[in-house]
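Here are my notes on this one, in numbered points. Have the viewer open while you go through them.

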Amino acid sequence: SNNHVFLKRSTNGFYNHHEDYHDVVGGHSVGPSPKELIGNALRHRVENVDHEFCDPGEEDTFFVADLGEVYRQHLRWKLNLPRVKPFYAVKCNPDPKLLQLLAALGTGFDCASKAEIEQVLRMGIDPSRIIYAQPCKTNSYVRYVASQGVRQMTFDNTDELRKIARLFPDAELFLRIHTDDSSSLCRLSLKFGASLDLTDGLLALAHELGLNVVGVSFHVGSGASDPLAFLKAVRDAHSVFQQAATYGFHLKTLDVGGGFCADDTFEEMAGVLRAALDDYFPAHSGIHLIAEPGRFYASAAFTLACNIIARRTIEDSPMDPQGETSYMLYVNDGLYGNFSSIMFDHQHPEAKVLRAAGQTLFDSPLAEATTSRQGVDYSIWGPTCDGIDRITERIRFPMVLDVGDWLYFEDMGAYTKCSATTFNGFSNDHDVIYVCSEPGAQALLDYLH
Ligand code: PLP
């Protein structure tokens with residue numbers, strides 16, 4: 001039934017799967033699966049690009065974002081951490097439709113700069129739903145948030161406390177503590193977090209300056225893999241709550257930060273955290289629990305498609321012991337672009353074949369890398385002049401790929417587009433085609449328009 005798929009863009013920029021595509025199962029009409037919906041959007045876009053005739057930019061790399069995936073992640077969060085209110089970390093992916101959906105779902109927002117705070121306030125979000133979770137803030141930004149009524153912010157050192165005392169003495173302060181982030185992809189504790197031997201002095205100074213400490217925050221590192229890091233951090237936070245009480249601060253909120261992965265490690269991680277919270281901050285304590293997840297919400301929702309713009313044939317390839325031909329593929333996105341996640345976020349995006357020799361292969365066995373002896377070896381490179389700009393050192397596909405063919409990469413929603421540069425004059429503002437595989441999320445988005 002896939003043969004008849006076509007997608008029209010509706011007025012709000014979404015492809016509407018209800019009107020345009022139906023599958024009939026046992027007399028009931030059901031929409032396509034998330035995979036089909038993403039595949040249809042990818043296919044529709046690339047089928048209209050003819051690299052022999054198109055204008056510059058028409059073959060540009062682009063994303064397909066499935067906001068239904070964000071919605072499902074939110075349900076997964078609610079199921080596993082029902083007591084913890086997420087404040088989405090905008091830095092991870094500030095896509096406006098992603099933020100709109102999360103706003104409609106009732107999350108708060110963790111912002112790191114004036115621009116992020118402005119973006120969220122412009123959506124009509126109440127300032128109480130924002131935490132300025134940057135322990136070392138720009139003076140003028142502190143004055144800005146004071147003028148906007150964004151009161152919640154973090155600190156972890158004495159200089160910052162004196163800054164806040166001068167610029168925004170009524171701020172609601174979270175003392176960010178140091179964590180063991182050694183199991184994470186992106187370590188943050190080298191740069192932020194007060195160690196437990198410093199918290200007493202910080203609380204004493206806050207008290208002396210007449211400041212308003214309302215909570216404790218921590219971050220176990222982005223892409224964390226050791227659930228015990230959460231247990232230890234919750235235990236440490238609990239001791240800081242007790243320390244604060246000795247200075248007359250009755251802390252009301254614990255912020256457990258980000259670090260949650262979207263893969264199936266989440267349930268275990270959340271299970272350990274949930275148990276630790278129930279032990280140290282039980283429901284009857286009345287303490288509010290919040291978190292700052294970024295990657296968890298954004299990563300799987302975005303798929304990236306890239307065009308092969310050039311190819312170099314390597315005869316007698318040293319990669320292949322049989323001396324067979326291999327190829328270097330050059331695509332129109334790389335480490336200075338949306339694959340910035342390879343450098344900054346320690347990711348290993350996996351190439352799959354979207355379209356080869358005029359055939360769409362999305363989600364077919366042929367799209368995947370192969371280990372079979374018949375395969376062809378490739379390395380995949382970005383478009384800039386820098387030799388570091390390599391996406392994949394070695395991959396084997398079952399077919400010969402050439403200029404004009406398309407590759408796609410899943411799980412490209414976290415720390416990708418937001419850290420892309422325009423190095424060598426390549427755009428970092430690529431189209432996002434939105435689909436929505438969850439009718440509940442679609443209804444919310446339609447309601448917002
Ligand atoms: N909160 C803070 C203060 C951060 O620095 C980060 C990421 O660097 C996040 C939240 C989001 O982390 P993650 O995407 O791992 O959930």
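1. On the side of helix α10 that faces away from its buried residues you'll find E267, E268, D278 and D279, which are exposed. Exposed here is a C-beta count: 12 or fewer other C-beta atoms within 10 Å of the residue's own, with 20 or more making a residue buried and anything in between partly exposed; the C-beta atoms are placed from the backbone. Helices are DSSP runs of H or I with at least four residues, strands are E runs of at least two, and both are numbered from the N terminus.

2. Before going further, some housekeeping. This is a predicted model, so local features need pLDDT of at least 70 and side-chain atom pairs count only at pLDDT 80 or more, while totals for chains, interfaces and linings use all residues. Residue numbers start from 1 along each chain, following the sequence as written.

3. Back to α10: which of its residues are buried? They are M269, A270, L273, A276 and L277. Looking down the axis of α10, these buried residues fall within an arc of 130°, so they line one face of the helix. The arc is taken over the directions from the helix axis to the C-beta atoms. What does that buried set pack against? The partners are α3 (67-80), α9 (228-246) and β11 (288-291). Contact means C-beta atoms, placed from the backbone, within 7 Å of each other.

4. Helix geometry checks out for α10: its 15 residues (266-280) should span 21 Å at 1.5 Å a residue, and the end C-alpha atoms are 21 Å apart, which agrees. The expected span is 1.5 Å times one less than the number of residues. Helix α2 (residues 34-47) passes too, with 14 residues, an expected span of 20 Å and end C-alpha atoms 20 Å apart. The buried residues of α2 are E36, L37, I38, G39, N40, A41, L42, R43 and V46.

5. Now for strand β8 (residues 172-176). Four of its five residues are buried, so the strand is largely enclosed by the rest of the structure. On one hand, β8 runs parallel to β7 (residues 152-155), joined by four bridges, with T154 opposite F174 of β8. On the other, five bridges tie β8 to β9 (residues 212-217), again a parallel pair, and here L173 has V213 of β9 as its bridge partner. Pairing takes at least two DSSP bridges between the strands.

6. What handedness do the crossovers around β8 have? β7, helix α7 (residues 158-167) and β8 form a right-handed β-α-β unit. β8, helix α8 (residues 199-208) and β9 form a right-handed one as well. Right-handed means that, with the strands pointing away from you, the path from the first strand over the helix to the second runs clockwise.

7. Further along the chain, β16 (residues 376-381) has a parallel pairing with β13 (residues 326-331) through four bridges, where Y330 is partnered with W381. With β17 (residues 390-397) the pairing of β16 is antiparallel, through five bridges, and I380 has T392 as its partner.

8. L67 deserves a click. This residue of helix α3 is buried, with 24 other C-beta atoms within 10 Å. Leaving out residues up to four places away in sequence, L67 touches K97, L98, L101, A301, Y434, C436, A441 and L445. One of those, C436, sits in the loop between β19 and α13 (439-448) and is buried too, with 29 other C-beta atoms within 10 Å.

9. Two backbone oddities to look at. H346, in the loop between α12 (340-344) and β14 (351-356), has a positive phi of about 55° although it is not a glycine; with 13 C-beta neighbours inside 10 Å it counts as partly exposed. Y415 also has a positive phi, near 55°, and is not a glycine either. Y415 lies between β18 (406-409) and β19 (432-435) and is buried, with 25 other C-beta atoms within 10 Å.

10. Finally, confidence. Mean pLDDT (the predictor's confidence in each residue, from 0 to 100) is 92, and 92% of residues reach 70 or more. Residues 1-13 are below 50, and that stretch has 18 contacts beyond near neighbours in sequence. Residues 15-25 also stay under 50, with 22 contacts beyond four places in sequence. The model scores are ipTM 0.99 and pTM 0.92.

Terms used: Contact = placed C-beta atoms within 7 Å.
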